[in-house]
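Biologist: Hello! I am new to this structure and would love a close look at a single part of it. Could you walk me through it once it is on the screen?

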Amino acid sequence: MARFAHTVTVAALDRGWFEEAAGALVDLLDASREGPGGSVVLADGRPVEGLRLLKGRHLRPGARYGEVPAVPEEAGEVPVEHAAAEAGDSPDAPQAVVLRTWRPSHSVEVESLVEEDGMSLKVGLRLSEPHRPRAVELSLSGHKPGGGSLYRFSGRGKADLAAWWAAVDRLPSAPPAARAPVSGRAVHRLAEARLTLTPRPAEDGSWRITVVLSMRGRWLLRPVGAVVLFFARGPVERGLREAAESAAGEWNTALAELTPSHGEALRAEIADALVNPDGATPL
């Protein structure tokens with residue numbers, strides 16, 4: 001097994017603001033309704049940008065959301081309702097999102113179906129206790145139709161947010177958490193990889209996050225995988241470092257532009273971001 005690690009420093013996110021924002025977002029969506037042509041309309045009557053009900057009942061298990069595909073000019077004008085229905089009936093509709101569970105006091109679960117570069121991808125996301133998020137679980141599976149087992153892969157990951165907050169609330173001098181709050185595993189016929197993120201507070205209040213990537217071959221290919229990873233160690237280590245630094249830079253930039261608000265002001269800004277994401281001001 002080959003193990004790679006890199007530590008980055010990122011700005012700390014305020015837990016109170018994060019949980020308040022998550023709760024406000026869930027409340028806004030929970031109060032929304034289906035509008036004309038399958039649009040999703042907030043309680044104040046404004047439609048959510050980029051979110052349209054294609055099939056099923058709004059906020060009910062099995063509801064399918066996405067964008068209505070463009071209609072060719074030669075096809076003439078087609079009512080929006082018909083276009084949405086056709087898109088909802090197509091199992092291969094690109095970037096369709098299916099709602100599996102909507103229980104704001106307990107959990108929310110969605111599944112995304114995507115066709116990209118000849119690959120069929122299914123991504124599942126589950127959020128526990130959305131009003132005060134405690135955990136986020138991610139599942140991923142992909143295959144290339146007709147490509148055989150070499151073109152199949154799967155993965156699962158979990159972010160234990162309660163454990164994350166506990167880890168960053170420790171004293172800077174305390175040892176890091178024994179168990180990584182964020183972990184994931186990806187599996188292919190030939191190899192598997194594990195990724196963990198472990199945070200700890202820095203003296204200046206920022207977070208120090210250690211990213212660890214472990215890789216190994218599977219079955220009879222373990223010796224071959226060990227040889228390959230020996231020669232590929234440099235590029236893999238460099239790739240992990242660059243990816244971690246890039247993600248940290250984007251996180252720090254986003255938080256630097258954030259102006260936290262609370263209460264009704266926060267709720268109003270989130271609503272504005274839902275109906276006009278391009279023109280929304282930083283929260």
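Biologist: Is L59 buried or exposed, and what is its relative accessible area? Please take your time with the surroundings too.

Modeller: Happy to! Please keep in mind that this is a predicted model. L59 has a relative accessible area of 12%, and because buried means under 20%, L59 counts as buried. You will find L59 in the loop between β4 and β5, the latter spanning residues 64-66. The backbone has a point of interest here as well: the phi of L59 is near 60°, which is a positive value in a residue other than glycine.

Now look at a neighbour in space. Y65 touches L59, and H58 is on the same contact list. Leaving out residues up to four places away in sequence, the other partners of Y65 are V40, L51, R52, L53, L54, Q95, A96, V97 and L99.

Y65 leads us on to the largest nonpolar core, which has 40 residues. Y65 is one of the six members that touch the most other members, together with W164, W165, W207, I209 and I270. Several elements give two or more residues to this core: the strands β1 (2-10), β4 (47-55), β6 (96-103) and β13 (207-217), and the helices α1, α3 (161-168), α4 (222-256) and α5. As a general background, nonpolar side chains in soluble globular proteins tend to be buried together.

Two of those contributors, α1 and α5, are worth a visit. Helix α1 covers residues 15-30 and helix α5 covers residues 263-275; they pack at an angle of about 60°, with their axes 10 Å apart. That angle makes α1 oblique to α5. The crossing of α1 past α5 is right-handed. On the α1 side the contact is made by W17, E20, A21, A24, L25, D27, L28 and L29, and on the α5 side by G263, L266, R267, I270, A271 and L274. Sorted by type, these contact residues are ten nonpolar, one polar and three charged. You have already met I270, since I270 is also among the core members that touch the most others.

Strand β6 and helix α4 also deserve a stop. T101 lies in β6, and T101 counts as buried at 17% relative accessibility. Beyond its neighbours up to four places away in sequence, T101 touches S107, V108 and E109. T253, by contrast, sits in α4 and counts as partly exposed at 44% relative accessibility. The C-alpha atom of T253 is 9.2 Å from that of A11, although 242 residues separate the two along the chain.

L59 can also be set beside another residue with a positive phi. E129 has a phi of about 50° and is not a glycine. E129 belongs to the loop between β8 (119-128) and β9 (135-143). While L59 is buried, E129 counts as partly exposed at 38% relative accessibility.

Finally, a step back to the whole protein. The secondary structure comes to five helices and 13 strands. Of the 283 residues, 34% count as buried, and L59 is one of the buried residues. Among contacts between residues at least 6 apart in sequence, 50% join residues at least 24 apart.

Terms used:
Residues numbered from 1 in each chain as written. Predicted model: local features only at pLDDT ≥ 70, side-chain atom pairs only at ≥ 80, totals over all residues. Heavy atoms only, no water. Axes fitted to C-alpha atoms, helices over the stretch in contact; angles between N-to-C directions. Helix = DSSP H or I, 4+ residues; strand = E, 2+ residues; numbered from the N terminus. Parallel < 35°, antiparallel > 145°, perpendicular 65-115°, else oblique. Left-handed = near helix turned anticlockwise from the far one by under 90°. Contact = heavy atoms within 4.5 Å. Nonpolar A, V, L, I, M, F, W, Y, C, P; charged D, E, K, R; others polar. Core = buried A, V, L, I, M, F, W, Y, C linked by side-chain atoms within 4.5 Å. Buried < 20%, exposed > 50% of the residue type's maximum accessible area, 1.4 Å probe, protein only.
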